[in-house]
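Here is a small set of exercises to work through with the model open beside you. Try each task before you read its solution.

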Amino acid sequence: MLVVTVALAEIRETPLSVDEVLASVTDPRAGGTCLFVGTVRDHDGHGDGPDDGNRGVSHLDYSAHPQAGEVARALADRLASEGRVVRIAVVHRVGHLEVGDLAVVCGVSAAHRAEAFEVCRALIDEFKASVPIWKHQQFADGGDEWVGLP
């Protein structure tokens, strides 16, 4: 039976480390490791860049519900319980972030690459949809916007 470890599932105010997440999911049983790194971008929206009509972002602030860490852990535990991966990790930063700062890092290791990719994608997608973290974007033009409020 494959023993799956949830290596990290945390919400932090301190800068994140890709190396820490990679090390936490490294395992000799794993033939594939997938990482997702989310960074603060310089524009808002779903376009290709700042010249496509999107507003420029100067910085943002993330806030989290006090139970966000528990929700993140439950999500990682549920994905781990499916038995398709060896190790799983997710860490999200809260507080003040500048453009280029790491906002979230996910890591998944599995026996094969397909499972690592699939579970890593499910981890970040479900994390963004279910963990109560809210983004307050500050725009270069002086405006602001909250994203993800209930």
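## Exercise 1: A glycine in a loop

Task: Find where glycine 31 sits, decide whether it is buried or exposed, and list what it touches.

Solution. Begin with the location: glycine 31 lies in the loop between H1 and E2. Please keep in mind that this is a predicted model. Next, check the accessibility. The relative accessible area of glycine 31 is 66%, and exposed means over 50%, so glycine 31 is exposed. Now look for contacts, leaving out residues up to four places away in sequence: glycine 31 touches Ala110 and Ala111. Finally, try a distance. Glycine 31 and arginine 55 are 24 residues apart in sequence, and their C-alpha atoms are 42 Å apart in space.

## Exercise 2: The chain as a whole

Task: Describe the order of helices and strands in the chain, then judge how compact the chain is.

Solution. Count the elements to start with: there are three helices and eight strands. Reading from the N terminus, their order is β-α-β-β-α-β-β-β-α-β-β. The radius of gyration is 16 Å, close to the 15 Å that the globule rule gives for 150 residues, so the chain is as compact as a globular protein of that length. For the extents, the C-alpha trace spans about 55 × 30 × 25 Å along its principal axes.

Then turn to the interior and the contacts. Of the 150 residues, 41% count as buried. Take the contacts between residues at least 6 apart in sequence: 72% of these join residues at least 24 apart.

The surface comes last. The accessible surface is about 7900 Å², and 52% of it belongs to carbon and sulfur atoms. As for charge, the chain carries 13 positive and 23 negative side chains, with the centres of the two sets 7 Å apart.

## Exercise 3: The two faces of a helix

Task: Work out which residues of helix H1 are buried and what covers them.

Solution. Helix H1 covers residues 18–25, and its buried residues are Val21, Ser24 and Val25. Looking down the axis of H1, you will find the buried residues within an arc of 90°, so they line one face of the helix. On the face turned away from that buried side, H1 carries the exposed residues Asp19 and Ala23. The cover over the buried residues of H1 includes four strands: E1 (5–12), E2 (32–39), E4 (87–93) and E6 (102–110).

Now zoom in on one residue of this helix, serine 24. Its relative accessibility is 12%. Buried means under 20%, so serine 24 counts as buried. With neighbours within four places in sequence left aside, serine 24 is in contact with Ala7, Leu8, Arg87 and Ala89.

## Exercise 4: Three partly exposed residues

Task: Place aspartate 61, glutamate 126 and leucine 149 in their elements or segments, and classify each by accessibility.

Solution. Take aspartate 61 to begin with. Aspartate 61 belongs to strand E3, residues 57–64. With a relative accessible area of 24%, aspartate 61 is partly exposed. Setting aside residues up to four places away in sequence, aspartate 61 touches Gly95, His96, Trp134, Lys135, His136 and Gln138. The C-alpha atoms of aspartate 61 and valine 94 are separated by 6.9 Å, with their positions 33 residues apart along the chain counted as their sequence separation.

Move on to glutamate 126, which is found in helix H3, residues 113–130. Its relative accessibility is 28%, and glutamate 126 counts as partly exposed. Not counting residues up to four places away in sequence, glutamate 126 touches Leu75, Arg78, Leu79 and Val131. Glutamate 126 and histidine 65 are 61 residues apart along the chain, and their C-alpha atoms are separated by 16 Å.

Finish with leucine 149, in the segment after strand E8 (144–147). At a relative accessible area of 48%, leucine 149 is partly exposed. Leucine 149 and glycine 95 are 54 residues apart in sequence, and 16 Å apart in space from C-alpha to C-alpha.

Note on methods. Residues numbered from 1 in each chain as written. Predicted model: local features only at pLDDT ≥ 70, side-chain atom pairs only at ≥ 80, totals over all residues. Heavy atoms only, no water. Helix = DSSP H or I, 4+ residues; strand = E, 2+ residues; numbered from the N terminus. Rg over C-alpha atoms; globule rule 2.2 N^0.38 Å. Buried < 20%, exposed > 50% of the residue type's maximum accessible area, 1.4 Å probe, protein only. Contact = heavy atoms within 4.5 Å. Areas by Shrake-Rupley, 256 points an atom, 1.4 Å probe, with all protein chains shown as cover. Lys, Arg positive; Asp, Glu negative; His and termini not counted. Charge placed at Lys NZ, Arg CZ, Asp CG, Glu CD. Arc of directions from axis to C-beta.
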